[in-house]
Amino acid sequence: MDRITSLATFVKVVDCDGFAAAARALDMSPSSVTIHIRTLEERLGVRLLNRSTRKLSLTEVGQAYYQRSVQILADLDDADQIASTLQSSPRGSLRLNTAIPIPSLIAPVITEFVRLYPDVSIDMTMTDRMVDLVEEGFDLAIRNIPIAVSSLIVRKIAPYRFVICATPEYFSTHALPQRPEDLSQHNCLMYAQSPWRNEWLLTGEGGEQLIPVSGNLRSNSAIALCAAALNGQGLLYTSSFIVSEHIKSGRLVPVLCEYLRAEYSIDAIYPHRHHVSAKVRTFIDMLVKHFQGHPVWVEPC
């Protein structure tokens, strides 16, 4: 039998000074009230109430148990109220994990979020690997590489494409690649965390193609690879949002655009679909609104 219900029934019997009155207050049958009290006393191995046909009184043990029970039930009500408040209005610390290139994209949303909800703070950690949200205690992850964990909830935040690019200086000494097969003649900067490892994924007339590539730099940081590309070291294959400003300014030149039409997404990833906290739900909604429509980086060419 539910111990909390039995505890609440006991307190109500004392407060109402009788089983029948407690039954009416709790919308229970008198026999159910009697069973709850009997079960409670049997489990504790003590008598809590002295009963007579006219009077109900607490035993010495019952008096102590009653006072503690009132406090326990009040604490439970407080806990319910706190949980309800946290669920209805964003507050507390939002533990956020992102891929390393993501923070600059979402910085305006974070600033607006904490301005609108001053009871919220952001604890952000950047990693190239996808963290274990539950095991490591994160509320939310923002990633741009597809994940394989089907138990997690994934919501699309913004689209992007991959782009291959290099500096004009690099192309002054290396021929522009015209076909995917031409990549074998180039120094390709390699992203160590890529799901395609030593290949780049392109889309041709026959569908998706994995093109073997090689180069003299491998890194787990897309930012480091971008810096190398900007210094003319080689070809970079990366997310369009990382290099869109450099392409716009002319510092990087995109190539093979007709083979890079596949669209991917920056995703919000969280552990549970039901009872999502207000801070997580509101932050995701603000991200979606911020990136509504096609961001400028979706068409890097």
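Student: Why is Arg129 called partly exposed?

Tutor: Arg129 has a relative accessible area of 43%. Buried means under 20% relative accessible area, exposed means over 50%, and partly exposed is in between, computed with a 1.4 Å probe and the protein chains only. The value of 43% falls between these limits, so Arg129 is partly exposed. This is a predicted model, in which local features need pLDDT of at least 70 and side-chain atom pairs count only at pLDDT 80 or more, while totals for chains, interfaces and linings use all residues. Residues are numbered from 1 along each chain as its sequence is written, and side-chain values use heavy atoms, with hydrogens and water left out.

Student: What makes the pair Arg129 and Glu136 a salt bridge?

Tutor: A salt bridge is a side-chain nitrogen of Lys or Arg within 4 Å of a carboxyl oxygen of Asp or Glu. The two side chains meet at 3.0 Å, N to O, so the pair satisfies the definition. Glu136, at 30% relative accessibility, also counts as partly exposed. The structure holds eight salt bridges.

Student: How do you know that Asp123 and Arg95 form a salt bridge?

Tutor: Their side chains meet at 3.7 Å, N to O, and therefore fall within the cut-off. The pair links distant parts of the chain, 28 residues apart: Asp123 lies in strand S4 (residues 120-126) and Arg95 in strand S3 (residues 92-98). Strands (E, at least two residues) and helices (H or I, at least four) are DSSP runs, numbered from the N terminus.

Student: Which class of exposure does Glu41 belong to, and why?

Tutor: Glu41 has a relative accessible area of 12%, so it is buried. Its salt-bridge partner is Arg51, at 3.0 Å, N to O. Arg51 lies in strand S1 (residues 49-51) and Glu41 in helix H3 (residues 30-44), so the pair ties together parts that are ten residues apart in sequence.

Student: Why is Arg143 said to have no salt bridge?

Tutor: Lys and Arg count as positive and Asp and Glu as negative, whereas His and the chain ends are not counted. The nearest side chain of opposite charge to Arg143, Asp128, is 5.6 Å away. That value is not within 4 Å, so no salt bridge is assigned to the buried Arg143.

Student: What makes the approach of Arg143 to Asn97 a polar contact?

Tutor: A polar contact is a pair of N or O atoms within 3.5 Å; within protein, one must be able to donate a hydrogen and the other to accept it, and residues adjacent in sequence count only if both atoms are side-chain atoms. The side chains of Arg143 and Asn97 are 2.9 Å apart, so the distance meets the definition.
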